[in-house]
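Here are a few notes to read with the structure open beside you. I have kept them short and numbered, so you can dip in wherever you like.

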Amino acid sequence: MADFVSEVKAIPQNDDRIFAMLSDLSNLERIKDRIPQDQIKELECDKDSCSFSVSPVGRITFKIVDREPNKTIKFEAVNAMLPLFLWIQLKQVAEMDTRMRLTARAELNPFIKPMVSKPLQEAVDRISEALASLPY
């Protein structure tokens, strides 16, 4: 297993509000217009899952497999080419100051690890930036 971890991001909001938004994936419909259409296409979300197409991988669906209120949200890719898990960690450090970190864990064999490590890390970094900039 290989882990890809984002930098810790500061979000000027309480953890309960951030958790409420991120733990219900249907909220992503509100920010669909902020997602780069050249990178992610055919975004479809409901409360517990989110599907989209990304080139050259194809269609990916993430479903929430665990929610720990105001702390973590864990996701699993259900139709990915390799086992892939994501989790969002939240920690409120002060009123209106929550820290967030995104981690991806993938089961990569030694042959493909050098080819996909950089794109996976870049994806984790971009997603964490996007999550930190959402209007909570």
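1. A definition to begin with: buried means under 20% relative accessible area, exposed means over 50%, and partly exposed is in between, with a 1.4 Å probe and protein chains only. Because its relative accessibility is 8%, serine 23 counts as buried. Serine 23 sits in the loop between helix H1 (15–22) and E3. Leaving aside residues up to four places away in sequence, serine 23 touches Lys47, Ile64, Arg67 and Ile73, where contact means heavy atoms within 4.5 Å.

2. Before going further, some provenance. This is a predicted model, in which local features need pLDDT of at least 70 and side-chain atom pairs count only at pLDDT 80 or more, while totals for chains, interfaces and linings use all residues. Residues are numbered from 1 along each chain as its sequence is written, and side-chain values use heavy atoms, with hydrogens and water left out.

3. On the fold: the protein has two helices and eight strands, in the order β-β-α-β-β-β-β-β-β-α from the N terminus. Helices (H or I, at least four residues) and strands (E, at least two) are DSSP runs, numbered from the N terminus.

4. Alanine 20 belongs to helix H1, and at 46% relative accessibility it counts as partly exposed. Alanine 20 and proline 69 are 49 residues apart in sequence, yet their C-alpha atoms are 8.5 Å apart in space.

5. The largest pocket deserves your attention, with about 1400 Å³ of space. Its closest residues to the centre, out of 41 that line it, are Ile40, Phe52, Phe62, Ala123 and Ile127. On a 1 Å grid over the protein atoms alone, a pocket is an open set of points where a 1.4 Å probe fits, with protein on both sides within 12 Å along at least five of seven lines; lining residues have an atom within 4 Å of a point. Grid points are joined across faces, edges and corners, and the volume is the space filled by probe spheres set on the points.

6. Which element gives the most to that lining? H2 does, with 11 residues. The lining residues divide into 35 nonpolar, three polar and three charged. Here Ala, Val, Leu, Ile, Met, Phe, Trp, Tyr, Cys and Pro count as nonpolar, Asp, Glu, Lys and Arg as charged, and the others, Gly among them, as polar.

7. Finally, the whole chain: buried residues make up 40% of the 136 residues in the protein. The C-alpha atoms fill a box of roughly 45 × 30 × 25 Å along the principal axes.
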